[in-house]
Amino acid sequence: LADDVPIRTWFPKENLFSFQTATTTMQAAFRGYAERKRRKRENDSAAVIQRNFRKHLRMVGSRRVKAQTFAERRERSFSRSWSDPTPIKADSFHDSRESHDLQDSCGTLDGDFDLNWEAEKELEAMACDGEDFIPPKIMLISSKVPKAEYVPTIIRRDDPSIIPILYDHEHATFDDILEEIEKKLNIYRKGCKIWKMLIFCQGGPGHLYLLKNKVATFAKVEKEEDMILFWKRLSRLMSKVNPEPNIIHIMGCYVLGNPNGEKLFQNLKNLMNPYRVAFESPLELSAQGKQMIETYFDFRLYRLWKTRQHSKLLDYDDIL
């Protein structure tokens with residue numbers, strides 16, 4: 001290369017860089033960078049919102065949807081296996097007036113139902129045959145009850161028919177509870193059914209707090225599909241051979257504290273027809289309450305547990 005050739009001749013004159021073009025290029029580059037940062041922030045924010053919403057659906061919404069689809073599937077199968085073989089109307093769940101008493105309910109059933117009922121009753125009677133058979137008592141305990149983990153340790157030790165089931169109030173579903181009851185019944189005596197049951201959970205006048213976001217009230221047990229199906233399926237685990245109505249005791253809350261409690265019990269009885277089920281929720285300090293406690297618990301240990309139920313000063317283990 002000759003020394004007298006200027007360096008600038010290497011570049012076409014029309015493409016010479018100037019301060020103006022460099023500034024414009026830098027501004028464009030910065031704008032692109034800023035735009036990418038803004039989009040990234042928006043995408044990250046959207047991802048967090050979507051993740052939280054999916055988590056919310058998993059905990060609340062999806063469980064409800066799953067329960068509803070499961071309810072429809074189970075209802076179809078039950079309508080074929082043990083109930084009226086005619087199709088069930090979609091809105092029949094919402095009308096509790098169709099089953100106000102045993103006679104009205106049975107009046108709508110045909111001969112096939114009677115045959116199925118009698119056949120299942122016969123199977124249960126065969127399973128429960130024998131002088132050594134003691135009808136099972138299911139004890140369903142919500143983890144929401146303070147110091148609930150100790151409840152199975154204070155049951156009557158002289159009665160092997162008491163079957164405690166401690167369930168997780170936060171994460172369990174109605175399906176989980178029913179499956180566990182069926183499993184425990186089959187372990188106790190295959191083919192046997194519930195004669196007495198204790199539901200030990202939180203609640204208040206007119207309502208039962210069964211599961212997280214699942215409060216049983218007289219209105220909700222008429223409308224919410226998964227709640228309806230739970231009580232209907234629970235009724236099918238009740239005895240057909242018990243000469244007395246099967247009893248469900250409610251403990252841990254005073255459901256009958258207002259008239260809505262009576263309405264709730266009446267609606268639950270209607271749902272559980274044609275099975276005969278009586279609901280009781282006596283005050284623990286009453287004579288009937290003491291009798292209920294002694295049916296399931298060692299009374300001395302129960303009183304001991306009750307005095308320490310809300311105490312943080314002394315652990316129950318120290319007492320035992």
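Contact here means heavy atoms within 4.5 Å. Keep that in mind, and keep in mind that this is a predicted model.

Let's start inside. Which residues does Trp 231 touch, leaving out those up to four places away in sequence? There are Ile 199, Leu 210 and Val 221. Then come Leu 268, Leu 271, Met 272 and Phe 279.

Trp 231 sits in the largest nonpolar core, which has 43 residues. Trp 231 is among those with the most contacts inside that core. The others on that list are Ile 181, Met 197, Leu 234 and Ile 248. Apart from this core lies another one, of 19 residues. Its members include Ile 141, Tyr 150, Ile 162 and Met 292.

Now the helix. Trp 231 and Leu 234 are both buried residues of α6. Helix α6 covers residues 225-235, and ten of its eleven residues are buried, so the helix is largely enclosed by the rest of the structure. The buried set also takes in Asp 226, Lys 232, Arg 233 and Ser 235. Met 227, Ile 228, Leu 229 and Phe 230 complete it.

On to the sheet. It is open, with three strands in the order β4-β5-β6. The pairing is antiparallel. Which strands are at the edges? They are β4, at 202-204, and β6, at 214-216; each pairs on one side only. On average, neighbouring strands in this sheet are turned by 25 degrees against each other, direction ignored.

One pair in detail. Strand β5 spans residues 207-211 and pairs with β4 over three bridges, in the antiparallel sense. Take Gln 202: its bridge partner in β5 is Tyr 209.

Terms used:
Residues are numbered from 1 along each chain as its sequence is written. This is a predicted model: local features need pLDDT of at least 70, side-chain atom pairs count only at pLDDT 80 or more; totals for chains, interfaces and linings use all residues. Side-chain values use heavy atoms; hydrogens and water are left out. A nonpolar core is a set of buried Ala, Val, Leu, Ile, Met, Phe, Trp, Tyr and Cys residues joined through side-chain atoms within 4.5 Å. Buried means under 20% relative accessible area, exposed over 50%, partly exposed in between (1.4 Å probe, protein chains only). Helices (H or I, at least four residues) and strands (E, at least two) are DSSP runs, numbered from the N terminus. Two strands pair if DSSP finds at least two bridges between them. Axes are lines fitted to C-alpha atoms, for helices over the stretch in contact, and angles run from 0 to 180 degrees between N-to-C directions.
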